[in-house]
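Q: I'd like a close look at one part of this protein, starting from a single residue and then working out to what lies around it. Keep it informal, please.

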Amino acid sequence: MNSAVDLWQRYQDWLYYHSELGIYLDISRVRFTPDFVTQIQPKFVKAFADMKALESGAIANPDEQRMVGHYWLRSPEIAPTEELRKDITETLDRIEEFTQKVHAGTIHPPTASKFTDILSIGIGGSALGPQFVAQALAKADVPLKISFIDNSDPDGIDLVLDLLGDRLSTTLVLVISKSGGTPEAANGMKEAEFAFQKAGLDFAKQAIAITGVGSALEKYAIGNGWLDTFPMYDWIGGRTSELSAVGLVPAALQGINIREMLRGANLMDAATRVENLRQNPAALLAMSWYFASNGKGEKDMVILPYKDRLLLFSRYLQQLVMESLGKEKDLDGNLVYQGIAVYGNKGSTDQHAYVQQLREGVPNFFATFIEVLQDSAKPHPEVEEGVVTGDYLLGFLQGTRSALYENGRDSITVTIPIVSELTIGALIALYERAVSFYASLVNINAYHQPGVEAGKKAGAKVLALQKKMMSALKSSTISLSLGEIADKIGAPDEIESLYHIARHLHANCKLLLEGDLAQPSTLRIMLLE
């Protein structure tokens, strides 16, 4: 199988091509055998059945008793009820109508004729998808430029707001949160409100909410007279929300053709419903992941897009793949510790970064190359006779693919004709479906995330501890040790957490620490006036 002739035949045998999208999928450099393909066929019978049930409205998130219906967003006609079908189509029409009014200046900021910028505030899927799409489809001349607050980092928030500067008065703010209670999004909103107030601006006249119907955020937005609200459906998870209002509103405002994104996803969805392994690109991807990682996540997924515009694709896939597949237990309650770690960089930058390890280091990964056939819409000079920079890029991709395979490293190659709304929508749909298929193959639920919820609860516990600590210090007339504070608030087992809180508050000039900083037990702590 290692001869060039054998590999060429294997390539032809396993090459998938979607004629309308112009997308190729090559899994020939994954070393599965005919016996493996035969053995995995029964698992795909179940996976195809699971997918039908999902799209028909089966409860897929048992923690919240919710359906999972991101597929309905680009095919409203398959949604299980007329009410859902109507809601999807009306929301899309409303997004386009709102966008047209903003671009025309019918909806405008109080002090100017048009908005110039978007400030998108969200976390996780409410940021990663819009960021990926914004970079992939960016243009120099856009109706509105976009910035993001996607963390609770004060310095990062300051930088975003400082870069907006005087344009804050012409910035449209999108606050994206299903419940309105997600701390990072809520904090970002409060920071933005404060910045607007400080600049003498009316935040409500420049803000919209993308949130759950009846949520605390929707009530807050309506009660304060915000410009508009758009729905986040309870049957859409954050990691599959890019083709909902979450991603479509910011995309449309940037001048991106959202109907084409939806059409690309729709075409890919149709292709990935085909109940034939060899003719279904998402099934081929899932099978390759299963073989490469032994169905147990034993190898990482390295994403290598050979296109600057696709740099953020690996970050987007990190959430989609890792939050969906990283599960402690399977559907039968067995302890399985499933998941596939995802990381990536762009080609050919990676060839001067970590390809050395990929080629000769620990063989604990499989690679996915993302190839874009069209170099650029503009002509480029020859850098040597008959060769332009895009030819080099192809050479680097094919060379790295060959070098990895020659040294026992498997790879997949996804090829798209051009980075466009159509192909970006298709890529999103392809990987969403592949994740669903893989989850079925390994018998886990891709649509709940108890680990994320556990982290949120633990974070809330630390904040509650901080409040107790501050209260104890306020009621004391003398400085206290960590042990004394722990005893005073009845939390002797939380002394290390109290130390980390105290150190942080000291760095931000809220507490004074006296003693040897290298010996926490010697510290005396008091409030700073």
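In which helix is the place of Q466? And once that's settled, take me through the rest of the fold as well.

A: One thing up front: this is a predicted model. Q466 sits in helix α15, which covers residues 450-474. With a relative accessible area of 24%, Q466 counts as partly exposed, since the buried class stops under 20% and the exposed class begins over 50%. If you skip the neighbours within four places in sequence, Q466 is in contact with I501 and L505. There is also L498, which is 32 residues away from Q466 in sequence, with 7.3 Å between the two C-alpha atoms.

Now for the annotation. UniProt, in an unreviewed entry, puts the feature "active site" at E323, H352 and K456. These positions span 134 residues in sequence and the farthest two C-alpha atoms are 37.8 Å apart, so they do not all gather at one spot. As for E323, look for that residue in helix α11, residues 313-325. Keep in mind that such annotations may be inferred rather than shown by experiment.

Stepping back to the whole chain, the protein has 17 helices and 17 strands. Its radius of gyration is 26 Å, close to the 24 Å that the globule rule gives for 529 residues, so the protein is as compact as a globular protein of that length. Along the principal axes, the C-alpha atoms fill a box of roughly 85 × 60 × 55 Å. Of the 529 residues, 50% count as buried. The accessible surface comes to about 24300 Å², and carbon and sulfur atoms account for 52% of that. Taking contacts between residues at least 6 apart in sequence, 72% join residues at least 24 apart.

Next, a sheet to trace on screen. Here 6 strands form an open sheet with mixed pairing, and the order is β1-β2-β15-β14-β10-β13. The edges belong to β1 (16-18) and β13 (342-344); each has a single partner strand, so one side of each is left without a neighbour in the sheet. On average, neighbouring strands of this sheet are turned by 15° against each other, direction ignored.

Start at the β1 edge. β1 runs antiparallel to β2 (residues 23-26), and 3 bridges join the two. One pair you can pick out is Y17 with its bridge partner Y24 in β2. Helix α13 (residues 389-406) packs on the sheet, where it touches β2, β14 (365-372) and β15 (411-416). The direction of α13 makes about 160° with that of β14.

β14 deserves a longer look. This strand is mostly covered, with 8 of its 8 residues buried. In a regular strand the side chains alternate between the two faces of the sheet. In β14, F365, A367, F369 and E371 point one way, while F366, T368, I370 and V372 point the other way, and all are buried.

β14 also has a parallel partner in β10 (residues 300-305), with 6 bridges between them. Within that pairing, I303 has T368 of β14 as its bridge partner. β15 pairs with β14 in the parallel sense too, over 6 bridges, and there I370 has V414 of β15 as its bridge partner.

Note on methods: Residues numbered from 1 in each chain as written. Predicted model: local features only at pLDDT ≥ 70, side-chain atom pairs only at ≥ 80, totals over all residues. Heavy atoms only, no water. Pairing = 2+ DSSP bridges. Helix = DSSP H or I, 4+ residues; strand = E, 2+ residues; numbered from the N terminus. Axes fitted to C-alpha atoms, helices over the stretch in contact; angles between N-to-C directions. Contact = heavy atoms within 4.5 Å. Rg over C-alpha atoms; globule rule 2.2 N^0.38 Å. Buried < 20%, exposed > 50% of the residue type's maximum accessible area, 1.4 Å probe, protein only. Areas by Shrake-Rupley, 256 points an atom, 1.4 Å probe, with all protein chains shown as cover.
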